[in-house]
Amino acid sequence: MRVLIYEWNAYMQSDVEEVLKRMGIVFETFSCEIGKETGIVDEYFIRNFGKILRTGNFDAVFSLNYWNSVAITCDQEHVPYIAWGYDCPLSLQVLDRLDYPTSHLFVFDKSQYQFYKERGFENVYHLPLAVNVKRLDQIQLTSEEKEIFTSEISFVGNTYASDYSALRCVLDEYEKGYFESLIETQYRIYGDYFIDDLIPVELLDELQEKLKKLPIFLGARKAPRDEFRGWVTMLLAREITRRERILLISTLSKRHPFKLFSSQEEKILKHVKFCGTVSSHYGMPKVFKASKINLNITYKQIIKGMPLRVLDIMGAGGFLLSNYQEELVEHFRPGVDCVVYESIEDAVAKAEYYLEHEDERREIAHNGHESVKRFSYENQLDKMFRIVLGDQYRQSSSSR
């Protein structure tokens with residue numbers, strides 16, 4: 001079996017390629033910039049990608065995230081396209097090119113899956129993300145690295161710069177109060193994201209009209225209503241996520257040594273040791289291995305699914321303290337494989353408990369490391385190929 005991979009510098013890319021080699025699947029990669037948005041249609045790309053498909057005798061095309069230009073080309077050349085969405089949510093422009101019979105999209109969040117199913121797409125499937133435990137197990141820390149990465153509590157990720165304050169400039173007092181009430185309510189709820197349903201069309205139209213008076217937000221000012229709604233809910237999700245991350249990190253860092261590995265240094269976090277960024281492939285696993293407690297604070301638009309961070313923490317053998325996510329507690333045992341919190345107060349209490357109970361903490365980290373192996377790239381890729389290619393893949397598997 002031969003697979004052509006569209007390569008675009010995604011974090012999971014090298015793990016996918018490493019595991020395909022282990023699985024004995026022959027593949028080639030094609031790298032050509034389409035644009036910043038997955039929904040862009042690039043005629044130059046389509047012509048060149050089409051030439052590769054016509055001469056390469058490929059059984060399928062694979063990419064991380066769904067790219068409209070790739071989908072168009074695969075439909076023209078009658079080659080199955082397998083896309084694994086690792087961003088959430090994907091661009092709404094994906095909807096414009098998702099109805100091709102050759103396209104197959106796998107998403108890791110059940111809510112995102114339901115979004116597509118409600119719009120009649122039968123070629124969308126739910127599949128959690130994966131972790132390369134074999135690679136993570138090989139990563140070791142030097143004594144110098146232990147000094148850099150060891151901490152009682154750590155968080156790897158950004159606190160999110162938010163444009164909400166700029167948006168507030170055009171709101172009247174009623175609108176400010178309305179959006180603040182939405183933010184404060186959503187802020188306290190895990191497992192659901194209801195803001196999208198609570199913004200009236202009239203308010204959206206009025207807000208978009210007001211943005212025309214500002215020199216910024218050019219794309220939002222001109223977007224169709226559905227895209228504009230998506231932009232507003234995304235902006236609010238970033239603001240909510242930022243507030244939660246700032247508050248929890250601030251609260252914990254006042255009580256315990258805390259290291260933040262992020263591209264954003266927040267002056268408001270006075271008790272945090274800011275450590276800058278770490279490479280996803282090598283530095284981040286070392287943080288997970290060296291920290292007594294690794295926090296996961298999920299981006300709010302990932303409603304039910306497990307972010308890649310939680311799999312990587314457990315895959316590296318780290319102790320995971322995460323906010324409640326429906327799929328996390330569906331696949332892992334809270335208090336056995338990981339620890340789940342349902343409020344800021346609950347997170348602080350559980351962090352302090354497990355810092356004081358080292359044996360329990362180590363046992364949970366060990367259990368999580370064993371349980372997460374079910375989400376190997378081998379297992380997840382195998383599921384995708386079986387669904388899309390069926391007997392063709394099964395026959396090639398038996399001959400390898």
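Trainee: Happy to start with strand β10 in this predicted model: how many of its six residues are buried?

Mentor: Good place to begin. Strand β10 covers residues 291-296 and is mostly covered. Of its six residues, the number that are buried is five.

Trainee: Which residue in β10 is the bridge partner of S154?

Mentor: Look at strand β7, residues 151-156, which pairs with β10 in the parallel sense over three bridges. Within that pairing, the partner of S154 in β10 is N294.

Trainee: And in β11, which residue does N296 stand opposite?

Mentor: Strand β11 spans residues 320-323 and runs parallel to β10, with three bridges joining the two. Opposite N296, you will find S322.

Trainee: Through which helix does the chain cross from β10 to β11, and is the crossover right-handed or left-handed?

Mentor: Follow the chain out of β10 and you reach a helix at residues 308-315 before β11. That helix is α13, and the β-α-β crossover is right-handed.

Trainee: Let's turn to helix α2. How far apart are its end C-alpha atoms, and what span should we expect?

Mentor: Helix α2 has 14 residues, 43-56, and we reckon 1.5 Å a residue. The expected span is therefore 20 Å, and the end C-alpha atoms agree with it, being 20 Å apart.

Trainee: What arc do the buried residues of α2 cover around the axis?

Mentor: The buried residues in α2 are F45, I46, F49, G50, L53 and G56. They lie on the same side of the helix, because the arc they cover around the axis is only 145°. An α-helix has 3.6 residues a turn, so residues three or four places apart point the same way. For the buried residues of α2, then, the arc to remember is 145°.

Trainee: Which residues are exposed on the other side of α2, and what do the buried ones pack against?

Mentor: On that other side, the exposed residues are Y44, K51, R54 and T55. The buried residues pack against three strands and a helix: β1 (2-6), β2 (26-30), β3 (60-64) and α3 (68-77).

Trainee: Which residue caps the N-terminal end of α2?

Mentor: Check the backbone nitrogen of Y44: a side-chain oxygen lies 3.0 Å from it. The residue that supplies this oxygen, and so caps the helix by the contact cut-off of 3.5 Å, is D42.

Trainee: What is the phi of N57, just after α2?

Mentor: N57 follows the helix directly, and its phi is positive. The value is about 55°.

Trainee: In α3, is V70 buried or exposed, and which residues is it in contact with?

Mentor: V70 sits in helix α3, and it counts as buried because its relative accessible area is 0%. Its C-alpha atom is separated by 7.1 Å from that of I46, which is 24 residues away along the chain. Leaving aside neighbours within four places in sequence, the contacts of V70 are Y6, I34, F45, F49, V61 and Y81.

Trainee: Why does N9 count as exposed?

Mentor: N9 belongs to the loop between β1 and α1 (13-22). Its phi is positive, about 70°, although N9 is not a glycine. Anything over 50% is exposed, and N9 qualifies because its relative accessibility is 72%.

Trainee: Last one: what is the omega of the cis peptide bond that joins C88 and P89?

Mentor: P89 is found in the loop between β4 (81-85) and β5 (103-107). The bond joining C88 to P89 is cis, with an omega of about -5°.

Note on methods. Residues numbered from 1 in each chain as written. Predicted model: local features only at pLDDT ≥ 70, side-chain atom pairs only at ≥ 80, totals over all residues. Heavy atoms only, no water. Helix = DSSP H or I, 4+ residues; strand = E, 2+ residues; numbered from the N terminus. Expected span 1.5 Å × (residues − 1). Buried < 20%, exposed > 50% of the residue type's maximum accessible area, 1.4 Å probe, protein only. Arc of directions from axis to C-beta. Contact = heavy atoms within 4.5 Å. Polar contact = N/O pair within 3.5 Å; in protein donor to acceptor, adjacent residues only side chain to side chain. Pairing = 2+ DSSP bridges. Right-handed = clockwise from strand over helix to strand, strands pointing away.
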